[in-house]
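Please look over the sequence and the structure shown below. The briefing that follows takes up the interface between the chains and then one sheet.

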2 protein chains.
Amino acid sequence: MELFLDGADRRSLATQLYDQLRAAIVEGRLPRGARLESTRAVAERLAIARSTVTDAYGRLTAEGYVQGRRGGGSFVLGDAVPRPRRGRAPAALTATPVAAAVRRYGVETPRARYDLTAGRVDGRLFPVADWRRCSNQALAELDGAFSSYGAPEGSPEIREALAQWIGRSRGVASTSDQIVVTHGATHAVDLVARVLLRPGDVAAVEEPGYPPVAELLRTLGVRVVGVPVDDHGLVVDALPPTARLVHVTPSHQFPLGVVMSRERRLALLRWAGRHAAAIVEDDYDSEFRYSPRPLEPLHLLDRDGRVAYVGSFSKILSPALRIGFVVAPTSLVPALRAVRQSIDASPSTLTTETLALFIEHGYLARHCRRARKVYGERHRLLSRALARLDPRVASRTTQVGLHLPLRLPDMPDDDHVVARAAESGLLLSSLRRTYQFTEPQPGLVVGFGAVATPDIPHAVAALERSVR
Amino acid sequence: MELFLDGADRRSLATQLYDQLRAAIVEGRLPRGARLESTRAVAERLAIARSTVTDAYGRLTAEGYVQGRRGGGSFVLGDAVPRPRRGRAPAALTATPVAAAVRRYGVETPRARYDLTAGRVDGRLFPVADWRRCSNQALAELDGAFSSYGAPEGSPEIREALAQWIGRSRGVASTSDQIVVTHGATHAVDLVARVLLRPGDVAAVEEPGYPPVAELLRTLGVRVVGVPVDDHGLVVDALPPTARLVHVTPSHQFPLGVVMSRERRLALLRWAGRHAAAIVEDDYDSEFRYSPRPLEPLHLLDRDGRVAYVGSFSKILSPALRIGFVVAPTSLVPALRAVRQSIDASPSTLTTETLALFIEHGYLARHCRRARKVYGERHRLLSRALARLDPRVASRTTQVGLHLPLRLPDMPDDDHVVARAAESGLLLSSLRRTYQFTEPQPGLVVGFGAVATPDIPHAVAALERSVR
């Protein structure tokens with residue numbers, strides 16, 4: 001244990017030692033049964049007389065904090081140890097009203113029999129052996145890279161691998177020098193907003209939408225406006241003219257699942273041009289498509305450099321890895337790199353180099369093919385089963401992603417349904433929680449990433465029981 | 001390659017295919033020599049007539065973009081491929097003046113014969129085999145965790161391991177529920193500021209100091225004031241009364257290396273109490289101490305819950321890992337967790353579980369002991385050598401960390417010295433760059449993390465030549 005001695009302190013050295021050891025025992029840093037360092041070792045390390053240490057240990061023993069044992073050594077006694085000190089005066093520091101109002105969204109649901117929450121993937125599909133191979137190769141090759149911070153935008157290797165991957169899998173034309181690697185899609189949105197927006201600026205988000213995006217914008221001092229989504233995607237005509245940034249999920253709207261039509265895409269680009277606004281195209285899950293006719297990304301249609309395209313490996317591989325990226329207009333790249341460096345230096349070199357190898361060796365493409373088959377089957381089964389409850393599931397939902405929205409006008413309070421389902425071993429996500437600006441629609445966002453295929457009929461039966 | 005077909009598009013299907021393939025070739029997404037998918041495969045995948053695909057391929061061949069080969073297949077011709085399109089209209093989006101003014105600091109210096117830059121560690125000391133063992137164990141055990149986002153504050157396992165580690169190695173009393181795991185110390189500072197400060201609020205930083213901290217505060221709309229540092233640490237009397245947050249490095253001031261005295265620590269805590277301000281104690285490198293008598297952390301002296309203690313594994317292990325943490329007053333923990341979740345969900349589960357195992361198995365303690373010996377020897381050699389150039393190195397620098405400040409009143413322009421040194425294979429960091437508010441002092445921040453011990457005399461000789 002680290003011990004501190006201060007010659008200027010009016011307390012004697014023995015008292016200083018005694019106070020610190022006693023505090024460590026009371027606070028649980030020296031747990032019951034721990035052996036104190038020998039008096040000789042402490043005296044040598046601190047360059048003080050051994051008798052000073054013996055004095056301090058003697059007092060601790062006399063007061064019952066420690067006990068000497070035959071054969072040597074002093075050990076912390078259990079009886080003297082109250083629970084660890086938790087916190088301090090709890091009200092000394094308080095979060096700003098904006099930060100205190102941020103609500104957690106969609107994390108940390110407990111394990112259950114059936115998991116139909118949104119945002120999950122099937123961890124059993126994660127190619128552990130392939131990843132380990134790449135991780136060990138990266139560890140062996142990184143050597144010099146452990147000495148220093150990496151480039152804030154990610155290494156040339158990972159950016160090159162990403163440019164190739166998103167060019168082929170998503171039709172996004174980019175060069176590696178337009179890419180900044182982030183900790184995920186939302187982290188990329190945050191970085192873009194931080195470079196483009198000033199406190200007091202207006203940003204537009206989809207309503208319903210993914211609540212964390214509005215939350216993070218608010219903690220930047222940005223004013224957030226919700227814009228409705230219909231069957232063709234974001235209603236461009238409803239955009240506030242003051243918006244400096246528009247966040248959209250055109251490939252697969254979260255949570256409603258609609259694909260933004262070509263007309264709307266072009267209208268949105270024209271709108272952004274007219275209002276000198278930026279578009280953040282959040283393509284969080286479009287690798288998983290079960291039909292062959294998607295539309296071009298906004299990024300590909302954009303001729304003016306207004307679109308920042310953000311993506312993530314949370315769905316295609318695992319949310320546990322924390323890798324995302326932004327493909328930015330070149331005019332923004334220097335500021336994105338510098339601001340990112342000031343906040344958190346760089347992505348994890350080890351993780352990104354592992355991913356670069358994982359892509360280069362073809363493991364990602366193989367995993368993607370396999371996972372698409374599994375999820376496609378689940379999508380088919382689930383959409384058929386859910387159509388009994390909500391006919392719009394079949395007619396309006398598109399063949400993409402890992403969740404289906406379920407609108408249930410007669411459903412009672414979402415929170416109540418979610419809680420009741422959890423009691424019966426079924427985890428659900430509320431649709432209501434995705435509305436922040438208008439009257440929420442009752443329903444569920446049904447994720448099929450984590451549920452085993454044979455469990456789907458049972459899970460849906462449990463769902464039906466919960467909503468009735 | 002992903003191809004997009006839109007029934008509502010007025011172009012024929014063949015033209016849509018042709019346009020997209022041509023664009024992919026011109027933009028380099030389909031590189032020279034790449035083989036196009038067979039017409040049969042494309043037709044099946046897109047559920048269109050094979051003749052439509054043949055038509056599109058025929059046009060590409062006629063125009064010289066691709067060439068059919070005997071034995072089958074169409075291949076991209078090199079001649080038709082200009083360089084990849086870089087960016088778009090470069091001025092469509094521009095960063096805010098604040099973001100555009102952020103300067104990069106201390107990253108990405110090239111390899112050289114001798115590296116005396118600040119912020120480096122010795123990558124050759126990184127315990128690759130131990131880390132690999134833990135990483136593979138974590139991969140084997142994580143299974144279910146690949147399905148979902150982790151807790152935004154980090155798992156109970158990593159927070160428990162961190163609480164134990166910092167209790168023993170740094171004398172910081174905390175329980176795991178006060179800890180939020182971050183991507184590094186600076187990232188922790190950012191998170192705390194985002195939860196505590198509003199745009200327009202005032203924050204105080206050390207002058208000279210670590211420039212990225214002031215930069216990240218500015219991109220949050222915070223007004224940043226520099227406060228001087230003397231031989232006893234931050235000059236508490238010079239703090240602006242309006243400051244809501246004070247960022248300090250009391251264990252080892254960056255860059256000057258002084259340790260904040262006990263009197264100043266207590267004065268700072270009293271000041272913060274009087275002004276209802278927060279203190280961010282940034283303990284970025286205090287694991288490496290070469291003498292036995294440090295002072296208690298502010299966090300341990302704090303009785304009101306005003307101190308957020310931040311630390312990092314960038315120095316003790318490697319900056320390439322991106323793991324840091326904040327030990328926060330309990331009053332702030334819920335907001336820290338929620339805001340962090342909105343920005344980037346959670347730390348990397350794989351990396352944090354690897355570190356938890358690395359700590360539990362005792363590998364971190366062993367690595368720390370070994371590295372401390374190596375760095376202690378370098379510190380001794382370097383401080384002796386540098387004392388010839390600046391007598392204050394010997395008398396005023398403390399026995400901690402991985403860098404020594406070198407003040408050279410007669411030194412010509414820092415940038416010039418750094419550039420000239422780089423030409424001769426020596427990398428240096430400027431002291432001048434660490435001043436942001438007042439007249440900069442000429443000198444260097446000499447890091448000894450990355451230089452091999454036997455190289456120190458040669459590196460110092462090269463340094464002497466550069467500054468003269």
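**Briefing: two chains and a sheet**

Across the interface of chain A and chain B there are 4 salt bridges, a salt bridge being a side-chain nitrogen of Lys or Arg within 4 Å of a carboxyl oxygen of Asp or Glu. This is a predicted model, in which local features need pLDDT of at least 70, side-chain atom pairs count only at pLDDT 80 or more, and totals for chains, interfaces and linings use all residues. Residues are numbered from 1 along each chain as its sequence is written, chains are lettered from A in the order in which they are written, and side-chain values use heavy atoms, without hydrogens and water.

**Interface**

- One salt bridge joins the side chains of B:R194 and A:D190 (2.6 Å, N to O).
- The contact (heavy atoms within 4.5 Å) takes 132 residues from chain A and 132 residues from chain B.
- The buried area between chain A and chain B is about 11100 Å², with 55% given by carbon and sulfur atoms; buried area is the accessible area (1.4 Å probe) lost when two parts are put together, summed over both.

**Sheet in chain B**

- An open sheet of 8 strands (DSSP runs of E, at least two residues, numbered from the N terminus) has the order β4-β11-β10-β9-β8-β5-β6-β7 in chain B, with mixed pairing; two strands pair if DSSP finds at least two bridges between them.
- Strands β4 (179-182) and β7 (233-234) of chain B stand at the edges, each with a single partner strand, so one side of each lacks a neighbour in the sheet.
- Strand β6 (residues 223-230) of chain B pairs with β7(B) in the antiparallel sense over 2 bridges.

Methods. Helix = DSSP H or I, 4+ residues; strand = E, 2+ residues; numbered from the N terminus.
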